[in-house]
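Thanks for coming. I have one structure to show today, and I will keep to what can be read from it.

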Amino acid sequence: MHILFLVPYPPGKAPSQRFRFEQYLHFLAGAGHTYQLESFISDATWSILYKPGHTLSKALGIIGGFLRRFLLLFSVPKADFVFIHREASPIGPPIFEWLIAKVFGKRIVYDFDDAIWIPNTSAANSIVAGVKWHHKVGSISRWAYKISCGNTYLRDYARQFNSNAVVNPTTIDTVNLHNQVKDQRTDKLVIGWTGTHSTMKYLEQVVPVLAELEQHYAFEFRVISNQEPQLPLRSLSFRPWRKDTEIDDLLTFNIGLMPLEDDPWAKGKCAFKALQYMALGVPAMVSPVGMNSEVVTDGVNGYICASYQDWYQGLEKLLKDHDLRTRFGQAARATIEARFSVEANRTNFLALFA
């Protein structure tokens, strides 16, 4: 078969693409299939996309993306499947999806790992928020041959429009990438968080906990992100996210945090931060929102924290006991290998094209 992938971002850049389908491409090739990846955003536009300013360059980049999509329509006839991650274009109605499904009659595998039908405006995307056309998710779902959803919450939404929606979880490559395990016997203790600027707001609920803990314990609160946070913590340190140092940077964590707010948008989250921590043998502490409670088993491979007291007590226990961190970390790694690794999900992913 020949599979055409329509994706928002250049290959190897965005976590959602890297961990949802890019790491499976060699399996497709190994099975004798061919594939073609076509991004809407160019490398040049990606390099400035989340930086302030550059308005004209960004606008030209969007226009260039639409032009490439129209030219790409000449390649659609030779595809057996068209895999669309999130949307064929970031703004406007689902014109390309309609053409692919209704005019070319192609089988669409529609993939998403966030509640993208809900407006989630930030300062970075406020300019285009009014033309995002969030409600197109339902239309694309109706036209799709199959829908690949990151968790059950997303799948249940998709099944309102198409019964052929399945859970295809975000997974970790435990063989080639997340293939090391944290040594918890370290002199320096690091509580860590990683994520983009758009999810940094969720840290607000744990800042008071960390402020109280740093009065009694010596640790560093390390944030790995694309933007430096402004938080009132003397324990705070910042490392810019870099793909080539991502694993080494995460391995500096003794404990990984994933706080979330309990709202419709966060329910669509697929526990990606927790998956990364746990794959490296780092205990995860998470809010009971979205897929977090499916990944973390409270008191076994991490802690599920619904209150200030939960966060404080869990962090205190783990800071004081390296044996507990080691046991949790081993259980966390085993959870990922058994349920959320590329190898564990390989058959499920390939079945999308059956």
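I will go through two sheets, then some aromatic contacts, then one lysine and one annotated span.

Please keep in mind that this is a predicted model.

Start with the sheet that contains the beginning of the chain. Six strands make up this open sheet, and reading across it the order is β2-β1-β3-β4-β5-β6, with parallel pairing. The edges are β2, residues 34-39, and β6, residues 165-167; each has a single partner strand, so one side of each is left without a neighbour in the sheet. From one strand to the next, the twist averages 20°.

If you want to look at one pairing in detail, take β1, residues 2-7. It runs parallel to β2, and 6 bridges join the two. Within that pairing, H2 is opposite T34 of β2.

Which strands does helix α5 touch when it packs on this sheet? Helix α5, residues 95-103, touches β1, β3 and β4, where β3 is 81-85 and β4 is 107-112. The direction of α5 makes about 145° with that of β4. Helix α6, residues 136-143, also packs on the sheet, and its contacts are with β4 and with β5, residues 146-149. For α6 the angle to the direction of β4 is about 140°.

Now the other sheet. This one is open too, with 6 strands in the order β9-β8-β7-β10-β11-β12 and parallel pairing. Here β9, at 236-240, and β12, at 302-304, are the edge strands; each has a single partner strand, so one side of each has no neighbour in the sheet. Neighbouring strands are turned against each other by 20° on average, direction ignored.

Strand β7, residues 190-194, runs parallel to β10, residues 255-258, and 2 bridges join them. I191 faces I255 of β10 in this pairing. Helix α11, residues 272-279, packs on the sheet and touches β7, β10 and β11, the last being 284-286. Its direction makes about 170° with that of β10.

Next, the aromatic residues. The model has 24 aromatic pairs. One of them is F21 with F83, a tilted pair at 5.2 Å centre to centre and 55° between the planes. This pair links distant parts of the chain: F21 is in the loop between α1 and α2, F83 is in strand β3, and they are 62 residues apart. Are these two buried or exposed? Both F21 and F83 are buried.

F21 and F83 also belong to one aromatic cluster, whose members include F5, F81, Y145, F349 and F353. Two of those rings have an arginine over them. The charged end of R107 sits over the ring of F81, 4.2 Å from its centre. R107 also lies over the face of Y145, at 5.7 Å from the ring centre.

On to the lysine, K132, which is in the loop between β4 and α6. Its relative accessibility is 21%, so K132 counts as partly exposed; the cut-off for buried is under 20%. Apart from neighbours within four places in sequence, K132 is in contact with E87, P90, I91 and G92. To give a sense of scale, the C-alpha atoms of K132 and F219 are separated by 42 Å, with their positions 87 residues apart along the chain.

Last, the annotation. An unreviewed UniProt entry places the feature "domain: Glycosyl transferase family" at residues 273-334. In the model, that span is 60% helix and 10% strand, and its end C-alpha atoms lie 16 Å apart.

Technical notes: Residues numbered from 1 in each chain as written. Predicted model: local features only at pLDDT ≥ 70, side-chain atom pairs only at ≥ 80, totals over all residues. Heavy atoms only, no water. Pairing = 2+ DSSP bridges. Helix = DSSP H or I, 4+ residues; strand = E, 2+ residues; numbered from the N terminus. Axes fitted to C-alpha atoms, helices over the stretch in contact; angles between N-to-C directions. Contact = heavy atoms within 4.5 Å. UniProt positions renumbered as here; feature names shortened; annotations may be inferred. Phe/Tyr/Trp six-rings, centres within 6.5 Å; stacked < 30°, edge-to-face > 60°. Buried < 20%, exposed > 50% of the residue type's maximum accessible area, 1.4 Å probe, protein only. Lys NZ or Arg CZ within 6 Å of the ring centre and 35° of its normal.
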